[in-house]
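This briefing concerns the charged side-chain pairs of one protein chain and the surroundings of one of its helices. Please consult the sequence and the coordinates alongside the points below.

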Amino acid sequence: MSDADYLARRQLRTGAAGWVLLAGLGVSYVVSGDYSGWNFGLAQGGFGGLLVAGVVIAAMYFAMVLGMAELSSALPAAGGGYTFARRALGPWGGFATGTAILIEYAIAPAAIATFIGAYVESLGLFGITDGWWVYLAAYVLFIGIHIAGVGEALKVMFVITAVAVLGLLIFAVAAVPLFDAANLVDIAPTAAAGASPFLPYGWLGIWAAVPFAIWFFLALEGVPLAAEEARDPARNVPRGIVAAMLVLLVTGALVLVLATGALGAQALSESGNPLVEALGGSAAGVVVNYVGLAGLVASFFSIIYAYSRQTFALSRAGYLPRVLSVTNGRKAPTLALIVPGAVGFLLSLTGQGDVLLNMAVFGAALSYVLMMVSHIVLRRTAPEMPRPYRTPGGVATTGFALVVAVLAVIATFLVDPVAAGATLGAFALFMLYFALYSRHHLVGAAPDEEFAALAAAEEELT
């Protein structure tokens, strides 16, 4: 098969999204983290520990987003972080980054599915008392919508996300009268070093709360995965990802302070439905319960998009089996949607949302390390590369994000060393597959490989 024929069967639909849809995509990736999951960090660091961790992680994400805005404007391709690392760090670095991102995106929907199941059961919908039916229905329904085409999928996603953000605003208004500052520090201090009512688990509790603070922003970095399907990606991808980050800063701060202040850190630390429990049995609580389901669905739906595009890009270039990147008549990568979805569904059957969350965070944080290294390397080795957008602060900005990301990787082992170790093992198996097989079967005509080949040719000429 010629290169032209090979790539003709692996085409995405171009021009499907402007910056507003891309910003909506970024918010939808993350919005479920405002509704559930973050609150488990209260059990690790208390309100003070989670707050400090949240501030540090927000700064890391903002710095990282600025770095990724530059990279996505210079290298607009469906591989996102993999594309950046492939150009900066070679095939090994590219595949390592793509694999870390894929692990994150394959596991995160499994965690969200367990939270969706908890919401459905708490609402008593359809008489369901066993979550696995919910997990299966969610995967089948939303993968099916994605198979119908990206334009349809992004529009559905945008509407669901708008409803979810409205739900957060309703929660904030209803929670203000219930707020009591004493509730923020109702966890008794332990004997840990530095323990106090503000930091009941001491200084180490801040570090242990980091993976849960990441849940406020997890998967935002997936916006560049839409580069090949965006209009004017060099301009719209940076605008979309920065706009999404600004929205998420506001929503994350609101739910952390108001939910904890309304219910109390101790009670909230064990809740599977924190915003609803914070509002009690009020009418607003019922509304937020239903809308919260929309928030979880929004993230579940959009991260399916993300894992399919990451799988598509790695497969198209030969890093993963090439059959995974074949697209259908609507330009949707069918098997790239189905195969990781099947893996995620099987993981969701464990019902351990907090464990799956930590596993997803491990993959995410590892990818952040590699992407920030990529930005720094390209600033040094390719200073003349066209960059329609340049990161304010340059390598100092992404260097800060790099340091925090390294600490975040380590923090996942503090929370659950077994889960983090198992995820590291899965990552190692992917790298072994690359070492033994796929690095010998790469597709030079794939866009990500062409970026690297052109760069190598330019270096030889100079």
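The points below treat the salt bridges, the burial of their partners and helix α15 in turn. The model is predicted. A search of the whole structure finds 2 salt bridges, and E70, R379 and R387 are linked in a network of such bridges.

**Salt bridges**

- R379 and E70 form a salt bridge through their side chains, with an N to O distance of 2.8 Å. This pair links distant parts of the chain, as R379 lies in helix α14 (residues 353-381) and E70 in helix α4 (residues 42-74), 309 residues apart.
- E70 also meets R387 in a salt bridge, with an N to O distance of 2.8 Å. Here too distant parts of the chain are linked: E70 belongs to helix α4, whereas R387 sits in the loop between α14 and α15, 317 residues away.

**Burial of the partners**

- Both R379 and E70 are buried.
- E70 counts as buried because its relative accessibility is 1%, under the 20% cut-off.
- R387 likewise counts as buried because its relative accessibility is 10%.

**Helix α15**

- Helix α15 (395-415) follows the loop that holds R387. The helix has 21 residues and reaches 30 Å from its first C-alpha to its last, close to the 30 Å expected at 1.5 Å a residue.
- The buried residues of α15 include T397, T398, G399, A401, L402 and V404, and also A405, A408, V409, A411 and T412.
- Among the elements that cover these buried residues are α4, α8 (202-214), α14 and α16 (417-436).

Key. Residues numbered from 1 in each chain as written. Predicted model: local features only at pLDDT ≥ 70, side-chain atom pairs only at ≥ 80, totals over all residues. Heavy atoms only, no water. Salt bridge = Lys/Arg side-chain N within 4 Å of Asp/Glu carboxyl O. Helix = DSSP H or I, 4+ residues; strand = E, 2+ residues; numbered from the N terminus. Buried < 20%, exposed > 50% of the residue type's maximum accessible area, 1.4 Å probe, protein only. Expected span 1.5 Å × (residues − 1). Contact = heavy atoms within 4.5 Å.
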